[in-house]
Amino acid sequence: MKLSQEQLEFFHREGWLFLPELFSQEEVDLLAREAVGIYDANRPEVWREKSGAPRTAFAAHLYNEAFGLLGAHPRMIDPVEQLFGEPVYMHQFKINAKSAFTGDVWQWHQDYGTWKRDDGMPEPRAMNIAIFLDEVMPINGPLMLVPRSQNAGDLQASHDLATTSYPLWTLDEATVTRLVKEGGIVAPTGKPGGMLMFHGNLVHGSAGNITPFPRKIVYLTLNAVSNYIRNPTRPDYIAHRDFAPIKTVDDDALLRLARAPRQAAE
């Protein structure tokens, strides 16, 4: 899986790129079912909203076969290695829930701000790859991005420990207002199976979800191997210490797993 020259130019200019329906319905259905089971588990990797609803589940690729295959899937690994020009490893893996009616906000922030301050990541040579497991609509808390804000560099941030159940290095309103005035706001939406990739310094956030429609998204944080974290302060299920390059699986590995129970029954 390689990005076209046009896609590369768009990413470098805007700081993000959306590839609709990159995964099939069969593949997504498997992942969505597995995600629900993970949210129901009583594991330290599963963080919950103040309401008790699931907020995010970390490191599922280490204890779930389907997400293990997703975490080494060439449709995600190859484009990032193409952009960085070197192998990548898994810095973080999480499944964000944004539950129906109770999904809370994610404040305006840059991901690299957290990776730098909490994990000791030297440069913003890591990237989030987001895979939609539900339809993401304008009404159910889509991720909002500020195009070209990656060019602002590493911005000053405050450690918000109170707004939600998850601590986050957040940006002040004046900074967000200035950047939005310059670049606007986009909110990529689409069917399950779409993939969104965005620069580690791109400013983004999302509103709460008060609709009946859940919005599950898997995030792979892929870091250039040479950019491995130097001073992690968070648990290793949040900031991984295994810096080995990811070895990709076959492109149809996830589809074969999705079809395995049916084939066994036949």
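Strands, in these notes, are DSSP runs of E of at least two residues, numbered from the N terminus. I am working from a predicted model, and I keep that in mind for every entry below.

**Entry: His-159.** I looked up His-159 and found it in strand S8, which covers residues 158–160. With the cut-off for buried set under 20% relative accessible area and that for exposed over 50%, His-159 counts as partly exposed because its relative accessibility is 35%. I also checked His-159 against Asn-201: the two are 42 residues apart in sequence, and their C-alpha atoms are 17 Å apart in space.

**Entry: the cavity.** I then searched for enclosed space and found 1 cavity of 30 Å³ or more. The largest cavity has a volume of about 210 Å³, and of the 18 residues that line it, Lys-94, Trp-106, His-109, Asp-111 and His-204 are the closest to its centre. Which elements supply at least two residues each of the lining? I noted strand S4 (88–96), strand S5 (106–109), helix H5 (111–119) and strand S11 (204–206). Sorted by character, the lining of the largest cavity divides into 6 nonpolar, 8 polar and 4 charged residues.

**Entry: helix H5.** Since H5 supplies part of that lining, I looked at its surroundings. H5 is largely enclosed by the rest of the structure, because 7 of its 9 residues are buried. The buried residues in H5 are Asp-111, Tyr-112, Gly-113, Thr-114, Trp-115, Asp-118 and Asp-119. Just after H5, I noted that Gly-120 takes a positive phi of about 70°.

**Entry: strand S12 and its partners.** Strand S12, residues 217–224, is mostly covered, with 8 of its 8 residues buried. I sorted its side chains by direction: Ile-217, Tyr-219, Thr-221 and Asn-223 point one way, while Val-218, Leu-220, Leu-222 and Ala-224 point the other way, and all are buried. S4, which I had already met at the cavity, runs antiparallel to S12 and is joined to it by 8 bridges; Asn-96 has Ile-217 in S12 as its bridge partner. Strand S6, residues 126–132, also pairs with S12 in the antiparallel sense, over 7 bridges, and here the bridge partner of Asn-128 is Thr-221.

**Entry: the pocket.** For open space, I looked up the largest pocket, which has a volume of about 280 Å³. Its lining consists of 14 residues, and those nearest its centre are His-61, Leu-62, Met-90, Asp-242 and Ile-246. I count the lining of the largest pocket as 7 nonpolar, 4 polar and 3 charged residues, following the division by residue type.

**Entry: His-73.** Is His-73 buried or exposed? At 0% relative accessibility, His-73 counts as buried, although it lies in a loop, the one between helix H3 (65–70) and helix H4 (74–84). Leaving aside neighbours within four places in sequence, I found His-73 in contact with Phe-23, Glu-27, Val-249, Asp-250, Asp-251 and Leu-254.

**Entry: positive phi outside glycine.** I finally checked two residues with positive phi that are not glycines. Glu-21 has a phi of about 50° and sits in the loop between strand S1 (16–19) and helix H2 (25–40). Ala-59 has a phi near 60° and lies in the loop between strand S3 (54–58) and H3. Ala-59 counts as buried, because its relative accessibility is 2%.

Terms used
Residues are numbered from 1 along each chain as its sequence is written. This is a predicted model: local features need pLDDT of at least 70, side-chain atom pairs count only at pLDDT 80 or more; totals for chains, interfaces and linings use all residues. Side-chain values use heavy atoms; hydrogens and water are left out. On a 1 Å grid over the protein atoms alone, a cavity is a set of points where a 1.4 Å probe fits but cannot get out, and a pocket is an open set with protein on both sides within 12 Å along at least five of seven lines; lining residues have an atom within 4 Å of a point. Grid points are joined across faces, edges and corners, and a volume is the space filled by probe spheres set on the points. Helices (H or I, at least four residues) and strands (E, at least two) are DSSP runs, numbered from the N terminus. Ala, Val, Leu, Ile, Met, Phe, Trp, Tyr, Cys and Pro count as nonpolar, Asp, Glu, Lys and Arg as charged, and the others, Gly among them, as polar. Buried means under 20% relative accessible area, exposed over 50%, partly exposed in between (1.4 Å probe, protein chains only). Two strands pair if DSSP finds at least two bridges between them. Contact means heavy atoms within 4.5 Å.
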